[in-house]
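Below are some notes on the model you sent round. They are set out as numbered points, to be read beside the coordinates.

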Amino acid sequence: LATQSVTAGTDRLESERILATLRDPDAFEALRSSARPLVTTTVSLEKLPFAAGGFFSGDGHGNYRFDAAVSVSPGDLTFERSGDKFYGRQDIYVTIRDGGRNIVAQFNDQLGLELSETEFEVKKGYRLSYAFSHLLIPGEYAVNILLRDYVSSRVGEKDLRFSFPAEGRSSPLLLAGRIEHLPSAPGGATGGSAAARPPFVFKNSKIAPRTEAVFGPGENIHIYLEVYRRPGDSGEYRITYALRDTDGKTVGTTEESQVLPEGESTLAVEKVFSPKGLGDGAYALSARVEDARTGKTLLEESAPLALSPASPPPGTFSFEQDYRPSPEIHYTDLGRQSFFRRDFAGARRFLGIALSAAPGYAPAKVLTAKCHVLEGSEEAALDLLRPLAEGGTEDGEVYTILGNIFYGRKNLEQAAALLEKAAGLSIESVEVLNFLGGVYLEMGKKDKARGAFARSLQIKADQPLVKSILDGLGK
């Protein structure tokens with residue numbers, strides 16, 4: 001048995017490959033030599049602790065703006081010195097899946113730090129935070145966050161799960177270290193697309209979430225909550241805040257009334273809660289909202305927190321995902337999410353908005369064509385895809401869909417030609433090559449079928465059925 005030590009990447013491009021390898025056991029298997037002797041590779045990784053939390057709020061159009069934050073404590077940040085500079089870096093990789101495990105968003109980011117000697121002495125006790133956003137339709141979601149400290153090669157992973165109701169009553173309760181009031185919201189947050197807002201910016205308020213929910217001596221607890229008007233609401237709300245200990249005993253309470261102006265749908269609630277005089281330990285902070293006219297309780301949200309004797313870090317290295325999609329990208333993304341749910345009418349509605357914003361946007365056309373095919377409207381799909389193919393698009397999916405249509409029409413020659421084009425353009429072309437091999441078999445072209453299946457096995461060797469078919473075709 002040989003043990004092999006794997007060290008993190010040596011340049012900026014290496015990081016993404018290693019992150020992908022960490023998540024894909026098949027990638028390690030591909031590193032094994034096919035020749036004897038067999039070497040077993042064991043990878044040992046030291047854990048990187050970090051805190052992560054998410055928050056969601058309605059966008060006013062039936063969708064949800066999802067914001068999440070990651071926080072790394074000062075003791076878990078590492079730096080290396082080169083000359084008179086100190087360098088550190090965190091690599092983050094995020095995957096959002098829906099309830100059907102379809103990937104609806106996936107991205108990575110590099111959070112680089114470069115400090116002079118003087119800066120390092122001042123900021124070496126800072127925590128690091130990273131915030132990101134995405135717009136999602138109602139449903140169940142799992143968010144996987146993989147974080148790697150570049151200098152120490154330590155890796156940490158967190159999984160968050162959320163459920164966004166079709167018609168929510170409120171957002172969750174968000175705990176924050178501070179709320180900054182901006183003169184004008186950046187990124188068009190006021191009156192602009194929800195997708196264009198920076199993370200944790202709501203109208204003219206920028207929230208600094210306390211992801212680990214720990215507050216030190218002398219710190220106030222800032223909270224943020226959105227209440228959504230529903231039919232029957234008077235628009236006058238009474239909000240009762242309560243802080244309870246682990247035994248459920250109320251150790252602090254306060255109350256206020258707020259009015260939501262006529263014509264507005266969202267009441268943004270901000271409150272500062274002082275834990276002065278309370279002992280260290282675990283607590284729960286809740287907000288109960290009643291209709292002030294009827295006295296009916298409408299909702300209650302709560303969040304756990306802890307009071308600590310330790311002083312908080314003196315500052316934060318703050319990073320944000322630059323997620324400001326154009327309208328066509330934004331609505332195509334929502335269309336894709338609906339497509340995964342097999343809500344083709346909903347998908348086409350979003351995609352229609354995308355194409356209204358950018359009539360030539362190919363990804364929206366391709367996804368709309370998929371909807372048409374699955375709804376039995378092949379001619380509508382052909383009307384969208386033929387011009388793209390004739391224009392020489394390099395999107396392999398266009399030729400794959402066209403190949404499927406012509407295969408269904410028993411035009412095998414045309415289907416094969418289109419699938420060959422798709423296989424040459426698609427990076428992950430195993431499925432396309434297997435389909436192409438099957439078409440060639442139906443055409444009686446065994447040599448070409450053999451070639452397609454062999455190419456597929458070169459990309460992914462672990463395909464017993466394809467290997468069996470290829471063996472059956474002989475030399």
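1. Y141 and F164 are both buried in this predicted model. Their ring centres are 5.3 Å apart and the planes make an angle of 35 degrees. That angle falls between the limits of 30 degrees for stacked and 60 for edge-to-face, so the pair counts as tilted. Y141 belongs to strand β7 and F164 to strand β8, so the contact between the rings ties together parts that are 23 residues apart in sequence.

2. The pair is part of a wider group of rings. One aromatic cluster takes in F56, Y64, F66, F107, Y130, F132, Y141, F162 and F164. Over the protein, the count of aromatic pairs comes to 19.

3. A further pair from that count is Y126 with F317, both of them buried. Here the centres are 5.2 Å apart and the planes are at 50 degrees, so this pair is tilted. Y126 sits in the loop between α3 (117-123) and β6, while F317 is in strand β19 (residues 316-320), so the two rings tie together parts that are 191 residues apart in sequence.

4. Which residues have the most contacts inside the largest nonpolar core? They are F66, V70, F132, V143, I145 and F164, in a core of 38 residues. The elements that give two or more residues to this core are β1 (51-58), β2 (64-72), β4, β5 (103-116), β6 (127-136), β7 and β8 (155-164). Strand β5 supplies the largest share, with 6 residues. In soluble globular proteins, nonpolar side chains tend to be buried together.

5. I145 can serve as an example of the packing. Setting aside neighbours within four places in sequence, I145 is in contact with F50, A52, V70, I92, Y93, F132, G156, E157, K158 and L160. Two of these partners, V70 and F132, are also listed among the residues with the most contacts inside the core. A second core, separate from this one, has 32 residues, including A423, V439, Y440 and V466.

6. On charged pairs, the search of the whole structure finds 25 salt bridges. One of them joins D91 to R148, with the closest N and O atoms 2.6 Å apart. This pair links distant parts of the chain: D91 lies in strand β4 (residues 85-98) and R148 in strand β7 (residues 139-149), 57 residues apart. Is the D91 and R148 pair buried or exposed? Both residues are buried.

7. Other salt bridges involve residues with higher accessibility values. D322 and R324 meet at 3.8 Å, N to O, which is inside the 4 Å limit. D322 has 67% relative accessibility and therefore counts as exposed, the threshold being over 50%. R324, at 47%, counts as partly exposed. Shared partners also join R89, D91 and R148 into one network of salt bridges.

8. K124 forms a salt bridge with E121, where the closest N and O atoms are 3.1 Å apart. K124 is partly exposed, with a relative accessible area of 44%. Side chains of opposite charge can pair when their charged atoms come close.

9. Two charges placed over rings should also be noted. R349 lies over the face of F350, at 4.5 Å from the ring centre. K410 lies over the face of Y407, at 5.7 Å from the ring centre.

10. T368 is in helix α6 (residues 362-374). Its relative accessibility is 9%, under the 20% cut-off, so T368 counts as buried. Leaving out residues up to four places away in sequence, T368 touches R348, L351, L355 and L384. The C-alpha atoms of T368 and F339 are separated by 9.3 Å, and the two residues are 29 apart along the chain.

11. Last, the overall figures. The protein has 12 helices and 19 strands, and 45% of its 475 residues count as buried. Among contacts between residues at least 6 apart in sequence, 65% join residues at least 24 apart. The exposed area is about 23900 Å², of which carbon and sulfur atoms supply 50%.

Technical notes: Residues are numbered from 1 along each chain as its sequence is written. This is a predicted model: local features need pLDDT of at least 70, side-chain atom pairs count only at pLDDT 80 or more; totals for chains, interfaces and linings use all residues. Side-chain values use heavy atoms; hydrogens and water are left out. A salt bridge is a side-chain nitrogen of Lys or Arg within 4 Å of a carboxyl oxygen of Asp or Glu. Helices (H or I, at least four residues) and strands (E, at least two) are DSSP runs, numbered from the N terminus. Buried means under 20% relative accessible area, exposed over 50%, partly exposed in between (1.4 Å probe, protein chains only). Contact means heavy atoms within 4.5 Å. Accessible areas come from the Shrake-Rupley method with a 1.4 Å probe; for residues, only the protein chains shown count as cover. A nonpolar core is a set of buried Ala, Val, Leu, Ile, Met, Phe, Trp, Tyr and Cys residues joined through side-chain atoms within 4.5 Å. Rings of Phe, Tyr and Trp (its six-membered ring) pair if their centres lie within 6.5 Å; planes under 30 degrees apart count as stacked, over 60 as edge-to-face and the rest as tilted. A charge sits over a ring if NZ of Lys or CZ of Arg is within 6 Å of the ring centre and within 35 degrees of the ring normal.
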